[in-house]
Amino acid sequence: MLSPFDETSQSLVKKYLSQEIYQRLKTRSTVAGFTLEKAIRSGVENVDSAIGIYAGDPQSYQLFSEIFVPVIRAYHGFAQGDVHCAGFSPVTLSDPDPEKKYILSTRVRVARNVEGFNFTTHLSLQERQKLEKTVVAALALLPGPFSGEYTAFDGAVAGGNIFNKGDRFQDAAGINSDFPKCRGGFYAKDKRFRIWLNEEDHLRIISQETSADLAAVFNHLYSGLGALEKSLTFARNKRYGHLTTCPTNLGTSMRAGVHIRLKKLNNNRTLLHKIVDEYQLQLRGTGGENTEVEAAVFDVSNKQRLGISEVAIVSKLHRGLEAIIEAEKNCG
Ligand code: CIR
């Protein structure tokens, strides 16, 4: 029988959910009806989960704090009692790749959940419809460079949907329920700004350019978010910053990164990993998580999200990219 105590599980939930905590939490339910059983279902069904838990609403983080706190501490290196430090404002940064030889594109994304709605793990079709309507009305108010078009997935989408149904971890968590209903993508006219609706979080807000101009991409996201916040209020609290479905995204919920071609460091992965670790960055394959590196193109992005400000994330990434490019140039 599937159990959160399966001996083969390596998840953080398996590590920190004692029988005692389990007994205490298993009868609790948030006001919106989210339970521990639902929160850990993904990890129970997928014994290869690294984390093994999702939240169903903002209250989950308090009601089930006895399991969320140790998991969040372990994943984010966040000390008990620590409070997230937000700091999102425009930045000025030099071009990390002035010769335009290495960085192919730059992308910064954040996750947001609309206050007053359950998270995507715990949404009925009716609630999802209401959420979609609320967000689409807000998108229609976006000004100038951010104005664009929303396309629902269950309508005909030329060229395919901009995101796929979630993986088996998300599926077991309930994130895929009623897919593709009430899912969709919004593209600003210039395509530099886009939003995914009802993927893992209510909104994934993305700024992207085929350039190395990290500051421009970051600042564009900052402005777009500011415009969106005129009509939407997002779930957050003082301790964890922005509240997200998966605890790995808490805090800034920000992933800032580049696609970078590193022909020499591709053959000196030890050195590349050393620099990446020094700047607390994450190295992924060309297509993102769990993909291969193709034609020496790596995805390099920040690892830290909680307990660090947005400005600090982008500045550290910038310094890390300069160090990586310097090493690539000097690599024998
Ligand atoms: C796990 O526990 O391994 C999965 N639920 C994925 C955790 C990483 N989170 C994410 O990609 N948002």
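The largest pocket of the protein is the space taken by the ligand. The structure is a predicted model.

Ten residues need naming here, as they make up the surroundings of the ligand: S49, A50, I51, G52, Y54, F169, E200, C246, T248 and N249. Sorted by class, this shell has five nonpolar residues, four polar residues and one charged residue.

Polar contacts to the ligand involve both backbone and side-chain atoms of the protein, as listed below.

| Residue | Protein atom | Ligand atom | Distance |
|---|---|---|---|
| A50 | backbone N or O | oxygen | 2.7 Å |
| G52 | backbone N or O | oxygen | 2.9 Å |
| T248 | polar side-chain atom | nitrogen | 3.3 Å |

On its own, the ligand has 340 Å² of accessible area, and the protein covers 78% of this.

The setting of the ligand can also be described by domain. The domain assignment gives domain 1 (12-76) and domain 2 (103-330). Each of these domains supplies at least three residues to the shell around the ligand. A50 and G52, which lie in the range 12-76 of domain 1, have backbone atoms at 2.7 Å and 2.9 Å from ligand oxygen atoms, respectively. T248, in the range 103-330 of domain 2, has a polar side-chain atom 3.3 Å from a ligand nitrogen atom.

The domains also meet each other directly: 24 residues of domain 1 are in contact with 25 residues of domain 2. Taken over C-alpha atoms, the centres of domain 1 and domain 2 are separated by 24 Å.

Methods: Residues are numbered from 1 along each chain as its sequence is written. This is a predicted model: local features need pLDDT of at least 70, side-chain atom pairs count only at pLDDT 80 or more; totals for chains, interfaces and linings use all residues. Side-chain values use heavy atoms; hydrogens and water are left out. A residue is near a molecule or strand if one of its heavy atoms lies within 4 Å of it. A polar contact is a pair of N or O atoms within 3.5 Å; within protein, one must be able to donate a hydrogen and the other to accept it, and residues adjacent in sequence count only if both atoms are side-chain atoms. Accessible areas come from the Shrake-Rupley method with a 1.4 Å probe; for residues, only the protein chains shown count as cover. On a 1 Å grid over the protein atoms alone, a cavity is a set of points where a 1.4 Å probe fits but cannot get out, and a pocket is an open set with protein on both sides within 12 Å along at least five of seven lines; lining residues have an atom within 4 Å of a point. A molecule sits in a cavity or pocket if more than half of its atoms lie within 2 Å of its grid points. Ala, Val, Leu, Ile, Met, Phe, Trp, Tyr, Cys and Pro count as nonpolar, Asp, Glu, Lys and Arg as charged, and the others, Gly among them, as polar. Domain bounds come from an automatic or database domain assignment. Contact means heavy atoms within 4.5 Å.
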